[in-house]
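User: Please take a close look at one part of this structure, a pair of neighbouring strands and what surrounds them. I would like one connected account.

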Amino acid sequence: MTNLVNRAAVAVLAVLAPVLLLIFRVTYGNRVPDPLPTHWNLAGRVNGTAGAGTFFVILLVIGVLLGVVVLLLVRSSRRSPTGRAAIAALLFGGWLCAALYGTTVAMSAGASSAAQVGLSWPGVVVIVLIPLLAAIAGWLLLPVPASPAVAVPAESALTFSDTERVVWTGRAESRLLRWIAAAGLVASGLLAPFTVPAALIVFVVSLALVFVTEIGVRVDAVGLHTLWGPFGWPRGTVRLAEIEAATALQVEPMEWGGWGYRITPRGRAAVIRRGPGILLDRVGSPRYLVTVDQAAAGADVVNALLDRARRHH
Amino acid sequence: MLFRLDPTSTIGLAEQIAGRVRGALASGELGPGERLPPARELAAGLEVNMHTVLRAYSALRDDGLIELRRGRGAQVRHEVDVAGLQLDEQIQQLVRAADRLGVDRETLIERMRKVT
């Protein structure tokens, strides 16, 4: 199957979920009680309901939103491979909405009140299985993200003598994230007089975002240190002894699962913006990536330090 | 930005740090408004006392090359005189050449005046 056909199939999958939801509404809409049963206790009796109209609208809106996001991601994946896991998860969500609505109305068809509807175990299986199958289908259809071409590091002109003390510092910053964090903090201040819980949530999230607005990198004889945010904390270190080689590459955040500290099958990544970054191959550990300006110079320094360390063995 | 210190050199560590920054400014590697590495980080990486780095940064500030601001760290001044720095480097080389040739300062200045 060509890449285009695969991506079209995933798009169809994304659109199909809300469409099925609509079909169920049309088919069963006027044969179900209102309110609908939405929760059963362990004895099998209904103990939670929702208005039929509300139930339909909420699940439809969520399903459509998730479907739209999948379509956008599939479209952008033409330029660069987008996280398969992200699309699969979104497909799961969209199909979960359809499955929830579909099984609920199918089970309730013909009943005159919510209390009459017994929990149908096949229905539960459908709710669990169908979204899972949709997610797996999406996962299998999407191309496996290719590892970034790791160019063999060019012979570096850099050589450090045994007595030299060496330090390389680099930075990366994201104006966009800075604005978002600032906007969030302001918004939380404005919300506070009206709704404290929402204001608190927005405040905490914006505060967390501040730590992702800039990154500092320091390379020295100990290793490569990553310093998060304007305070240089939290920080992490990849020891030189663990590093096999360093390369510079162009980082596409979506290839590494997004922004922030990412843990992906491709490795661990500290990503705060699209652009140059240093990629470290580690002995017996996943690769580590950090977005930083002048990445080629930084990688050069890492490799020269490795050379110096190896000369001693 | 790369810093390489030679502990065996007769030139003090603080002086080497300051000299590296001056060289970077003269060559254009560092531009007006750019930030220098935080003193704490530079000291940790070079395994020197933070005061050594601060001495270097203070010297650079006294020369009008950088600004030290609380919370912002060390930053190259926007009005830094790059041309002056480049000229200073050339003058250093000239003076050293004159020393090697055994020409004293006064004679050097005289000869410079005679240049058309």
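Analyst: In this predicted model, strand β4 of chain A, residues 214–219, pairs with strand β5 of chain A, residues 223–228, in the antiparallel sense, and the pairing runs over five bridges. The two strands, β4(A) and β5(A), form a hairpin, with three residues between them. Two of the bridge partners can be named. A:W228 in β5(A) is the partner of A:I215, and A:H225 in β5(A) is the partner of A:R218.

β5(A) also pairs with β6(A): these two strands run antiparallel and are joined by five bridges. Here A:T226 stands opposite A:G236, a residue of β6(A). β5(A) and β6(A) form a hairpin as well, with six residues between them. In that turn, A:G229 has a positive phi of about 70°.

How many residues of β5(A) are buried? Six of the six are, so the strand is largely enclosed by the rest of the structure. As for side-chain direction, in a regular strand the side chains alternate between the two faces of the sheet.

The hairpins belong to an open sheet of five strands, in the order β6(A)-β5(A)-β4(A)-β3(A)-β1(B), with antiparallel pairing. Its edge strands are β6 of chain A, residues 235–239, and β1 of chain B, residues 2–5, each of which pairs on one side only. From one strand to the next, the twist averages 15°. Helix α1 of chain B, residues 13–27, lies across β3 of chain A (165–173) together with β1 of chain B. The helix runs at about 145° to β1(B).

Back at β4 of chain A, the loop between α6 (196–210) and this strand contains A:T213. Is A:T213 buried or exposed? Its relative accessible area is 4%, and buried means under 20%, so A:T213 counts as buried. A polar atom of the A:T213 side chain lies 2.7 Å from the backbone oxygen of A:V210. Leaving aside residues up to four places away in sequence, A:T213 touches A:E173, A:S174, A:L177, A:R178, A:A181, A:P230 and A:I272. One of these, A:E173, falls within β3 of chain A, which spans 165–173.

Note on methods. Residues are numbered from 1 along each chain as its sequence is written. Chains are lettered from A and ligands numbered from 1 in the order in which they are written. This is a predicted model: local features need pLDDT of at least 70, side-chain atom pairs count only at pLDDT 80 or more; totals for chains, interfaces and linings use all residues. Side-chain values use heavy atoms; hydrogens and water are left out. Two strands pair if DSSP finds at least two bridges between them. Helices (H or I, at least four residues) and strands (E, at least two) are DSSP runs, numbered from the N terminus. Axes are lines fitted to C-alpha atoms, for helices over the stretch in contact, and angles run from 0 to 180 degrees between N-to-C directions. Contact means heavy atoms within 4.5 Å. Buried means under 20% relative accessible area, exposed over 50%, partly exposed in between (1.4 Å probe, protein chains only). A polar contact is a pair of N or O atoms within 3.5 Å; within protein, one must be able to donate a hydrogen and the other to accept it, and residues adjacent in sequence count only if both atoms are side-chain atoms.
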